[in-house]
Amino acid sequence: MSSERQATERRHPLRTPPSPADAADAFSWRRVLALFGAHRTRVAGVIALVVAGALLGIVNPLLIRRVFDEALFGPAGVDLGLLWWLVVAMLAIALAIGVIGVWQTVATNRLGQIVLKELRDRLYRHLQSLSLSFFAGARTGDLQSRLSSDVSSAQNAVTTTLSSILSNVITFVSALIAMLLLSWELTLVTLAVVPLFVVATRAVGGRRERYTREMQIETAAMSTITQETLSLSGITLAKLFGQQRREVDRFTESSERLSAAARRQQVIGQAFFTVIHTFLSITPIVVYLAAGYALDGGTGLTAGTIVAFTT
């Protein structure tokens, strides 16, 4: 990169599209967390709801073990009294998880919209502070795309994604502890499958990230075309010089590129969920096979333990 281009990018950071590495560096975790610095109380509330929901989610599998081993197939036969207590407890937990889920969604979206507004306002103030030379080289459609779709994408990343990551980490650690308490042998078998899942999701996720970036670029390009050609001055010039056909072709080509990027993103998204569903389908099968060998070897596994473990 020449020194002149570097100087231009320092003066006008929005004029030159960032490379993938630059984009990833600019949107670092440190900057993401800084967006929430003024909302610590709300963040703490969301975290508390995420933790509560994740912890409650592993209680029912443990209760299922007691349902099978004590209430249904215990030494004394069916224990209806214990079964009722366990069923009521499981129903209460299921309702509590539902209420917490709704509460978490409301709190997360409220926090996300607050951060989204602040981010959008900050970007607009920054644009207002730039010199006229910046706007002479910048495209209005690109700026509009930054203020609308890109900021909304950032809001999804800093709210939905972060809360999901936190919830999944807590659920994984809690479930791992519960699995170790149920059967350390079956836990080792299950963990042996996890690296394959991680490799597959990283490969699919990397491609989906690339296609999502393509969609953002094409969306900005289409916004630029529509802003330039559908304004009064733009449509007047097109009609004056007989350029309507050319402008239609430009829009059609841009629309096709956007459609192609959207198709690729949808296909890779479906592939991602296929990987997840395949993993969830294969793991219980492996557990059943390992449980069979464990029972054949004389270990003390019970039907309740196996069912609770797979759950």
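The expected span of a helix is 1.5 Å times one less than its number of residues. The exercises below apply this and related criteria to a predicted model.

**Exercise 1.** Determine what span the 53 residues of α11 should have, and compare it with the separation of the end C-alpha atoms.

*Solution.* The first step is to take the rise of 1.5 Å a residue, which for the 53 residues of α11 gives an expected span of 78 Å. The second step is to take the distance between the end C-alpha atoms of α11, which is 78 Å and therefore agrees with the expectation. Finally, looking just beyond the helix, one finds that Gly-298, which comes just after α11, takes a positive phi of about 90°.

**Exercise 2.** Identify which residues make up the largest nonpolar core and which elements give two or more residues to it.

*Solution.* The core has 11 residues in all, namely Met-179, Leu-182, Leu-186, Val-287, Ala-290, Ala-291, Ala-294, Leu-301, Ile-306, Ala-308 and Phe-309. Assigning these to elements shows that α8 (140-182), α11 (244-296) and α12 (303-310) each give two or more residues, and that α11 gives the most, with four. A second, separate core of nine residues includes Phe-36, Val-115, Leu-162 and Ile-170.

**Exercise 3.** Decide whether Ile-306 is buried, partly exposed or exposed, and find which residues it touches when those up to four places away in sequence are not counted.

*Solution.* Ile-306 has its place in helix α12. Its relative accessibility is 13%, and because buried means under 20%, Ile-306 counts as buried. With residues up to four places away in sequence not counted, Ile-306 touches Tyr-288, Ala-291 and Leu-295. Ile-306 and Leu-182 are 124 residues apart in sequence, yet their C-alpha atoms are 8.5 Å apart in space. For Phe-309, under the same exclusion of residues up to four places away, the contacts are Met-179, Leu-182, Ser-183, Leu-186, Thr-187, Thr-190 and Val-287.

**Exercise 4.** Describe the nonpolar patch on the surface, and state how Val-173 is classed by its relative accessibility.

*Solution.* The patch is formed by Ile-165, Val-169, Phe-172, Val-173, Ile-177, Leu-180, Leu-181, Trp-184, Leu-188 and Leu-191, which together have about 970 Å² of accessible area. Both α8 and α9 (184-229) supply at least two of these residues, and the largest share, seven residues, comes from α8. Val-173 lies in helix α8, and at 41% relative accessibility Val-173 counts as partly exposed, because this class covers values between 20% and 50%.

Methods
Residues numbered from 1 in each chain as written. Predicted model: local features only at pLDDT ≥ 70, side-chain atom pairs only at ≥ 80, totals over all residues. Heavy atoms only, no water. Core = buried A, V, L, I, M, F, W, Y, C linked by side-chain atoms within 4.5 Å. Buried < 20%, exposed > 50% of the residue type's maximum accessible area, 1.4 Å probe, protein only. Contact = heavy atoms within 4.5 Å. Patch = residues over 30% accessible without salt bridge, like charges linked within 9 Å, V, L, I, M, F, W, Y side chains within 5 Å. Areas by Shrake-Rupley, 256 points an atom, 1.4 Å probe, with all protein chains shown as cover. Salt bridge = Lys/Arg side-chain N within 4 Å of Asp/Glu carboxyl O.
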